[in-house]
Amino acid sequence: MLHLVRILFVLILAMIAVPGTAVDVADPVPDSARARAAATRVRPALERDLAVRHLRYGAPVFVRIFKREAELELWLRGGDGKFILFRKYPVCKFSGELGPKQREGDNQAPEGFYSVAPRQLNPSSKFHLAFNLGFPNEYDRAHGRTGSALMVHGDCVSIGCYAMGDAGIEEIYTLAAAALHAGQGAFAVHIFPFRPTTGALSAARDSPWLGFWNELKPAYDFFEREHIPPPIAVEHGRYRVEPIR
């Protein structure tokens, strides 16, 4: 009997140590009646469309946003570990111009590389459903940038956020929450002023932000080539793509 108790105790500890298991309470995914109702509405169609692309509901997600194109891409990890583009969503509204957010109150929507953990989800947002980008990140802080509560959310109004409309955010939020529930510790959100191809950057050579945008290009190129979100580090105030181990 004592041996059985010890076994059960070890199993419980193992489950606690693995993110995404039923007893993982370290960083639970926030919930609300609104989020549950949204998932009930959109999940059947999402699962049908995911199956067509051989993707699984609850698979890890990756998000890219392109300002000039006013487009959000939602990628999910396939069975081979590569990420597959599931859907593109029009950005209903973002505020400001091309270029990063610099300070609180400048009405700029951020650009750069962000990470969204479960605690950053807001299932009771006044803009329907939302997740916080985590601005300022390490890079932003190194450059003295200030601001708070920069979100991807529903509705179609923005003061520094990316508004996706209620229908769009219901799908995006539901798939992101499902991935976090299934064990993804956090998902990456890469935000670009435009698709930073060599030609596009050459055309922007007179912009004061060209140097910053050139720092974003290696991560864009890496994902375009590998279809795996690259690890991003900040070194001496600059973004750097790290090798995948």
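The dialogue below examines how terms are applied to this predicted model.

Mentor: This is a predicted model in which local features need pLDDT of at least 70 and side-chain atom pairs count only at pLDDT 80 or more, whereas totals for chains, interfaces and linings use all residues. Residues are numbered from 1 along each chain as its sequence is written, and side-chain values use heavy atoms, with hydrogens and water left out.

Trainee: Why is the link of Cys92 and Cys156 called a disulfide?

Mentor: A disulfide is a pair of cysteine sulfur atoms within 2.5 Å. The sulfur atoms of Cys92 and Cys156 are 1.7 Å apart, so the pair meets that definition. The structure holds one disulfide.

Trainee: Which parts of the chain does the pair link?

Mentor: Distant ones: Cys92 is in the loop between β3 (83–90) and β4 (93–94), and Cys156 is in the loop between β8 (151–153) and β9 (162–163), 64 residues apart. Helices (H or I, at least four residues) and strands (E, at least two) are DSSP runs, numbered from the N terminus.

Trainee: What makes the link of Cys92 and Cys156 left-handed?

Mentor: The angle about the S-S bond is -90°, and the link is left-handed.

Trainee: How do you know whether Cys92, Cys156 and Cys161 are buried or exposed?

Mentor: Buried means under 20% relative accessible area, exposed over 50%, and partly exposed in between, with a 1.4 Å probe and protein chains only. Cys92 has 38% and is therefore partly exposed. Cys156, with 34%, is partly exposed. Cys161 has 7%, so Cys161 is buried.

Trainee: What makes a set of residues a nonpolar core?

Mentor: The members are buried Ala, Val, Leu, Ile, Met, Phe, Trp, Tyr and Cys residues joined through side-chain atoms within 4.5 Å. The largest such core has 42 residues, of which Leu72 and Phe187 touch the most other members. Elements giving two or more residues to this core include α2 (33–52), β1 (61–66), β2 (71–77) and β10 (187–192). Helix α4 gives the most, with nine residues. In soluble globular proteins, nonpolar side chains tend to be buried together.

Trainee: Which residues does Phe187 touch?

Mentor: Contact means heavy atoms within 4.5 Å. Leaving aside residues up to four places away in sequence, the partners of Phe187 include Val61, Val63, Tyr114, Phe131 and Leu180. Another core, of 15 residues, lies apart from the largest one, and among its members are Phe192 and Trp213.

Trainee: Why is the pair of Lys67 and Glu111 called a salt bridge?

Mentor: A salt bridge is a side-chain nitrogen of Lys or Arg within 4 Å of a carboxyl oxygen of Asp or Glu. For Lys67 and Glu111 the closest N and O atoms are 3.1 Å apart, so the pair satisfies that definition. Lys67 lies in the loop between β1 and β2 and Glu111 in the loop between β4 and β5, so the bridge ties together parts that are 44 residues apart in sequence. Both Lys67 and Glu111 are buried.

Trainee: How do you know that Arg195 and Glu71 form a salt bridge?

Mentor: Their closest N and O atoms are 2.9 Å apart, so they too fall within the 4 Å limit. Arg195 is in the loop between β10 and α5 (198–203) and Glu71 is in strand β2, so this pair ties together parts 124 residues apart in sequence. Arg64, Glu71, Glu73, Arg195 and Glu224 are linked in a network of salt bridges.

Trainee: Why are Lys217 and Asp221 said to be separated by about one helical turn?

Mentor: They are four residues apart in helix α6 (residues 210–226), so the separation is about one helical turn. An α-helix has 3.6 residues a turn, so residues three or four places apart point the same way. Lys217 and Asp221 form a salt bridge, with closest N and O atoms 3.1 Å apart.

Trainee: What makes the span of α2 close to the expected value?

Mentor: The expected span of a helix is 1.5 Å times one less than its number of residues. With 20 residues, α2 reaches 29 Å from its first C-alpha to its last, close to the expected 28 Å. A kink of about 45° lies at Val42, shortly before Pro44; the bend at a residue is the angle between axes fitted to the seven residues ending there and the seven starting there.
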